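Colleague: Before we discuss any labels, could you show me the model and then take me through the terms you apply to it?

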Amino acid sequence: MKEQLEAVRQAALAALANAETGEQLEELRIRFTGKKGELTGLLSRMGKLSPQERPIIGQLANEIRGAIETELKTRKAALEQRELAHRLRRETVDVTLPGKHRQIGRQHPLNIVLDEIKDAFISMGFSIAQGPEVEYDYYNFEALNIPKDHPARDTQDTFYFSPEMLLRSQTSPVQIRVMEQTRPPIRILAPGRVFRIDEVDATHSPIFHQIEGLVVDRGITMAHLKGALELISKKLFGPETQTRIRPDYFPFTEPSAEISITCYKCGGKGCRLCKNEGWIEIGGAGMVNPKVLELCGIDPDIYSGFAFGMGLERLVLGRYGIDDIRLLYENNTKFLEMF
Ligand code: PHE
């Protein structure tokens, strides 16, 4: 009996030493010291022992049970300790590792300048108007006092879908669409894409942007036009910038004017950019032709208006000293990151 008990002790302690998990420990506990365990099994046969042997064996059995229980506890604690150490190592966060790099988008230079222009005009009470890029010949030409055989059509090499439909060659058709639907006072700014047949080079693109302005009210004069243009030029190119209007011709304005500002490179002294003129042309303008007002149902005896159209690209290139228009369309991120 004594040897059997010692054998159980050996077996239990050896098995416990090899246990690797909590479940294995629990299995061993049941196997050795559980109600139907090996130790209990042996003790149930104590009745067969002599009265002298019984207390000795009983004591030994208790001692072995104690030893096994102690070992179970120690082993359990060791395993838990090991598991904790594992987990800590697994869950360690190295706060010194570099973070994920996220690329932040930027505004395109065309939009930066456009937004400034919009803000300036909105602060003067203008609202933003829009028209379609696929336009009727009627709005792009006819209603603007440019009939079919008019020589002014030659200056705008237009993409036609059919004799009636085209890609707008200017933003001026938005003037007509607004005047057809709104009664004076009218104060709108209409920026948008326009299209003309052209070879691409450093200064030309078949797709570009114009910003149309239109004001119709009682007593509007050329002075209001000049004032609005002065304000926007100074805002975009600095307070020293001067604005010049000179006679020009557009069928839908009368009188018509060409708008120039003092050269943004030399400040008006004359340089290569302005071809020694000191001035750079930024668009066309004029007083809305009374014929056009009348066609839109606005009485030219009561109302007058001014309109202008500026090329956005020209303004952006000048503002940032960019010498090739293609950079604005190529989506080269190295270029766009500079703004
Ligand atoms: N639409 C004209 C152009 O593209 C510019 C312009 C607009 C002229 C408004 C007068 C008034 O050349």
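Modeller: A polar contact is a pair of N or O atoms within 3.5 Å; within protein, one must be able to donate a hydrogen and the other to accept it, and residues adjacent in sequence count only if both atoms are side-chain atoms. This is a predicted model, in which local features need pLDDT of at least 70 and side-chain atom pairs count only at pLDDT 80 or more, while totals for chains, interfaces and linings use all residues. Residues are numbered from 1 along each chain as its sequence is written, and side-chain values use heavy atoms, with hydrogens and water left out.

Colleague: What makes the pairing of S172 with a nitrogen atom of the ligand a polar contact?

Modeller: An N or O atom in the side chain of S172 is 2.9 Å from a nitrogen atom of the ligand, and the limit is 3.5 Å, so the pair qualifies. The side chain of Q170 has an N or O atom 2.7 Å from a ligand nitrogen, and for R196 the value is 3.0 Å, to an oxygen atom of the ligand. Taken alone the ligand exposes 330 Å², of which the protein buries 92% (accessible areas by the Shrake-Rupley method with a 1.4 Å probe; for residues, only the protein chains shown count as cover).

Colleague: Which residues come nearest to the ligand, and what is the make-up of its shell by class?

Modeller: Among the 15 residues around the ligand, the nearest are Q170, S172, R196, Q210 and E212, where being near requires a heavy atom within 4 Å. The shell has 5 nonpolar, 8 polar and 2 charged residues, with Ala, Val, Leu, Ile, Met, Phe, Trp, Tyr, Cys and Pro taken as nonpolar, Asp, Glu, Lys and Arg as charged, and the others, Gly among them, as polar. Its largest share, 3 residues, comes from β9, and β5 (207–217), β8 (279–288) and β9 (304–311) each supply at least two; strands here are DSSP runs of E with at least two residues, helices runs of H or I with at least four, numbered from the N terminus.

Colleague: Why do β1 and β6 count as edges of the sheet?

Modeller: The open sheet has 7 strands in the order β1-β4-β5-β9-β8-β7-β6, with mixed pairing. β1 (127–128) and β6 (243–250) each have a single partner strand, so one side of each is left without a neighbour in the sheet.

Colleague: How do you know that β4 and β5 are paired?

Modeller: Pairing asks for at least two DSSP bridges between two strands, and 10 bridges join β4 (residues 186–195) to β5, so the antiparallel pair meets the criterion. Within this pair, P191 has I211 as its bridge partner. Likewise, 7 bridges join β6 to β7 (residues 253–262), again antiparallel; R244 stands opposite S260, and the two strands form a hairpin with 2 residues between them.

Colleague: Why is the pair E133 and R193 called a salt bridge?

Modeller: The term requires a side-chain nitrogen of Lys or Arg within 4 Å of a carboxyl oxygen of Asp or Glu; the N to O distance between E133 and R193 is 3.7 Å, so the pair qualifies. The two residues are 60 apart, E133 in the loop between β1 and β2 (134–136) and R193 in β4. The structure holds 17 salt bridges.

Colleague: Which peptide bonds are cis?

Modeller: One of them joins P184 and P185, with omega about 5°, and P185 is in the loop between α7 (173–181) and β4. Another joins E254 and P255, with omega about -5°, and P255 lies in β7.
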